[in-house]
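Please open the structure in your viewer and set the display to cartoon with side chains available on demand. The tour proceeds by selection, and each stop states what to select and what is found there.

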Amino acid sequence: MNQSVTILGAGIVGLCCALSLAERGQAVRVIDRNAPGRETSFGNAGIISPWSVVPQSMPGLWRQIPSLLADKNKPLSVRLSHWPRMIPWGLRFLGQSREHRVREIADAMEHLCLPTIDLYRRHLSGTGQEHLVQDSYYVHAFREAARADIAGLGYRIRREKGADLEWIGADELQRLEPALSNQFNAAIVIKGQARARSPGRICEAIADKAHRLGVRFIRDNVTALVANEGGWHIHGATGTYVASKVVVAMGVWSAGLLKPLGLCIPLEAERGYHVDFAAPDVDLTHSIMDVDRKVVLSSMDDGLRIAGQAEFAAVDAPTDPRRQAILTRQAVEALPDLNTKTARVWMGQRPSFPDSLPALGEVAGQPGLFTCFGHSHYGLMMAPKSGEIVADLVTGRPTNLDLSAYNLGRFN
């Protein structure tokens, strides 16, 4: 069956593309090996932030890398076998850290992140799951008050773009979040945020809404994408599908799918872990980043989650069994009264480009082939607007945006 648009990937990015296209009257199907939202989208920290406009590569970061790699808490690690691939990517990554480049990237991130709360509320409207997006602050907590520098570049960029930020001391922080350890002596509070009560259930709600609008969901493992006269052949483990237009939204698996088309893409699997505590005995009103440990803690419908860490490894590399103990220990450091008896670990693979921006748009020389992947740490924030942009491009509507920052060929 030839449908007008086939989306490869049923994570939050692919689902937002599907819903936006369906709302524009397009016939859409989504192909994924798993049920909607069961891969990387399932396991993030749940932050829905209009102000996530600061890229990962920042001035001076290169000085911190040795200590991050040596830290016993493993905020950053690289599997030994992955170093030959990691070095060229890392050099590109560090090349993005000059202030003028950081500001260019921040402008591009702003286009995708700024409308995120409003778009999620629109997407969830009528689903009965509207409560899954909850207003909150994003609290960056510091053990050393002197390190909470609200004049630092990242916070300065946020404020210049309109974010409401406040520096608070230990007493105010305890009043804001009584469950937090008194080891934290200051925080920078980013207001005008929201948080996901369950990222996985948000995916399910959007998928259900898209399905009601006629979107078909197919469970198959996509193995190849081949250009055909007037369209594309999509080969899966259990079938072949024909489509006139294809949106590749397979996250970190997108690079391997596109390589046979002559597209060599600097996309890395930046693996992140989370631990869920189903009966935590503590509750957080806001999302909390423990800046010293590089982790985020948030209460969700199913308990409390700590998420973070960056592990670079092959896509099919096994999980690191040490991560549960590390994250559990960090959670208790931040929340001394936390009940850890119901801990459960999970790992997902962030699809990361060196500049923290996704590949978004039609592929040059490949008519009908669109990309929407590589959202790094920001997939939950960037997904709704990315879906809107893809839907506009596919249907020929003007986007009124300069999309050159997201062009797949920018690394050539």
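**Stop 1: helix α6 and its surroundings**

Begin by selecting helix α6, residues 153–160, in this predicted model. Its buried residues are Leu 153, Gly 154, Tyr 155, Ile 157 and Arg 158. Next, display what covers them, which includes α4 (99–113), β5 (133–142), β6 and β7 (186–196). Step past the end of α6 to Gly 162, a residue that follows the helix and has a positive phi near 110°.

**Stop 2: Ile 168 in strand β6**

From the covering elements, pick strand β6 (residues 165–169) and select Ile 168 within it. Is Ile 168 buried or exposed? Ile 168 has a relative accessible area of 4% and is therefore buried. Once residues up to four places away in sequence are set aside, Ile 168 touches Leu 173, Leu 176, Ala 186, Ala 187 and Val 189. A distance label from Ile 168 to Asp 290 should read 15 Å between C-alpha atoms, for a sequence separation of 122 residues.

**Stop 3: helix α1 and the largest nonpolar core**

Now select the largest nonpolar core, a set of 74 residues. Those with the most contacts inside it are Ile 7, Ile 12, Ile 48, Tyr 120, Ile 202, Ile 206 and Val 247. Helix α1 (residues 12–23) supplies the largest share of this core, nine residues.

Restrict the selection to α1. This helix has twelve residues, and its first and last C-alpha atoms are 16 Å apart, close to the 16 Å expected at 1.5 Å a residue. How many of the twelve residues of α1 are buried? Eleven are, so that the helix is mostly covered. The buried residues are Ile 12, Val 13, Gly 14, Leu 15, Cys 16, Cys 17, Ala 18, Leu 19, Ser 20, Leu 21 and Ala 22. After α1 comes Gly 25, with a positive phi near 85°.

Add Ile 206 to the view. Apart from neighbours within four places in sequence, Ile 206 is in contact with Ile 12, Leu 15, Cys 16, Leu 19, Tyr 120, His 123 and Leu 124.

**Stop 4: α5 against α1 and α11**

Keep α1 on screen and add helix α5 (residues 116–124). The axes of α1 and α5 come within 12 Å and cross at roughly 65°. That angle makes α1 roughly perpendicular to α5, and their crossing is left-handed. To see where the two helices meet, show the side chains of Ile 12, Cys 16, Leu 19, Ser 20 and Glu 23 in α1 together with those of Tyr 120, Arg 122 and His 123 in α5.

Then replace α1 with helix α11 (residues 379–395), which packs with α5 at an angle of about 70°, the axes being 9 Å apart. Here, too, α5 is roughly perpendicular to its partner, α11. On the α5 side the contact is made by Thr 116, Leu 119, Tyr 120, Arg 122 and His 123. On the α11 side, Leu 380, Met 381, Ala 383, Pro 384, Lys 385 and Glu 388 take part.

**Stop 5: helix α10**

Select helix α10, residues 323–334. Its twelve residues reach 17 Å from first to last C-alpha, close to the 16 Å expected at 1.5 Å a residue. The buried residues of α10 are Arg 323, Ile 326, Leu 327, Thr 328, Gln 330, Ala 331 and Ala 334. What covers them includes β4 (76–78), β12 (268–277), β13, β14, β15 (303–312) and β16.

**Stop 6: loop residues**

Two residues of interest for backbone geometry lie in loops next to the strands just listed. Select Lys 294, in the loop between β13 (287–290) and β14 (295–300). Although not a glycine, Lys 294 has a positive phi of about 60°; its relative accessible area of 35% makes it partly exposed. Then move to Ser 356, in the loop between β16 (343–352) and β17 (359–362). Ser 356 is also a residue other than glycine with a positive phi, near 65°, but Ser 356 is buried, with a relative accessible area of 1%.

Finish at Asn 34, in the loop between β2 (28–32) and β3 (47–48). Asn 34 is partly exposed, at a relative accessible area of 26%. Beyond neighbours within four places in sequence, Asn 34 is in contact with Glu 39 and Arg 219. A C-alpha to C-alpha label from Asn 34 to Asn 221 should give 8.3 Å, across 187 residues of sequence.

Conventions:
Residues are numbered from 1 along each chain as its sequence is written. This is a predicted model: local features need pLDDT of at least 70, side-chain atom pairs count only at pLDDT 80 or more; totals for chains, interfaces and linings use all residues. Side-chain values use heavy atoms; hydrogens and water are left out. Helices (H or I, at least four residues) and strands (E, at least two) are DSSP runs, numbered from the N terminus. Buried means under 20% relative accessible area, exposed over 50%, partly exposed in between (1.4 Å probe, protein chains only). A nonpolar core is a set of buried Ala, Val, Leu, Ile, Met, Phe, Trp, Tyr and Cys residues joined through side-chain atoms within 4.5 Å. Contact means heavy atoms within 4.5 Å. The expected span of a helix is 1.5 Å times one less than its number of residues. Axes are lines fitted to C-alpha atoms, for helices over the stretch in contact, and angles run from 0 to 180 degrees between N-to-C directions. Angles under 35 degrees count as roughly parallel, over 145 as roughly antiparallel, 65 to 115 as roughly perpendicular and the rest as oblique. A crossing is left-handed if the near helix is turned anticlockwise from the far one by less than a right angle, and right-handed if clockwise.
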